[in-house]
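Work through the following exercises with the sequence and the coordinates open beside the text.

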Amino acid sequence: MVIYERPEPRYGIHRMVFVLFRQLGQRTVEPPDMRQNFSCRNFARQYHLDIAAATYFNCQRESGSGGRRLRLDD
C-alpha cells in the first residue's frame, strides 16, 4: 500500500493520473522510486499486473497565498 499524496502543483497546470491495477500473482509490489517519467506499461510488466482502469484530472495552484478573492463593487 502507498500513502496518498494530494496534488500540490507549485506552478502551471498538472495532470494527475489514477491507475487501478489487477494483480495476477502473489508477488509483492513495491512503489516506484520516482514519479518522473513513470511508465504504467513498464510497471505492470515488471510486477505482472493488468491495467484495469484509469482516470485523470488537471489541477493548478491558486494564485496568491489566500486563494480566490472576490471583488465587491459599491
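A contact means heavy atoms within 4.5 Å. The model is predicted, so that local features need pLDDT of at least 70 and side-chain atom pairs count only at pLDDT 80 or more, while totals for chains, interfaces and linings use all residues. Residues are numbered from 1 along each chain as its sequence is written, and side-chain values use heavy atoms, with hydrogens and water left out.

**Exercise 1.** Describe the fold of the protein chain and its long-range contacts.

*Solution.* Start with helices (DSSP runs of H or I, at least four residues) and strands (E, at least two), numbered from the N terminus: the protein chain has one helix and two strands, which follow the order β-α-β from the N terminus. Next, take the contacts with a separation of 6 or more, of which 69% join residues 24 or more positions apart.

**Exercise 2.** Determine how F18 takes part in the surface.

*Solution.* First, locate F18 in strand β1, residues 13-23. Its relative accessible area is 38%, and F18 is therefore partly exposed, given that buried means under 20%, exposed over 50% and partly exposed in between (1.4 Å probe, protein chains only). Finally, F18 joins Y4 and F57 in a nonpolar surface patch with about 310 Å² of accessible area together; patch residues have over 30% relative accessible area and no salt bridge (a side-chain nitrogen of Lys or Arg within 4 Å of a carboxyl oxygen of Asp or Glu), with nonpolar side chains joined within 5 Å.

**Exercise 3.** Classify C40 and C59 as buried or partly exposed.

*Solution.* C40, at 23% relative accessibility, is partly exposed, whereas C59, at 16%, is buried.

Conventions. Patch = residues over 30% accessible without salt bridge, like charges linked within 9 Å, V, L, I, M, F, W, Y side chains within 5 Å. Areas by Shrake-Rupley, 256 points an atom, 1.4 Å probe, with all protein chains shown as cover.
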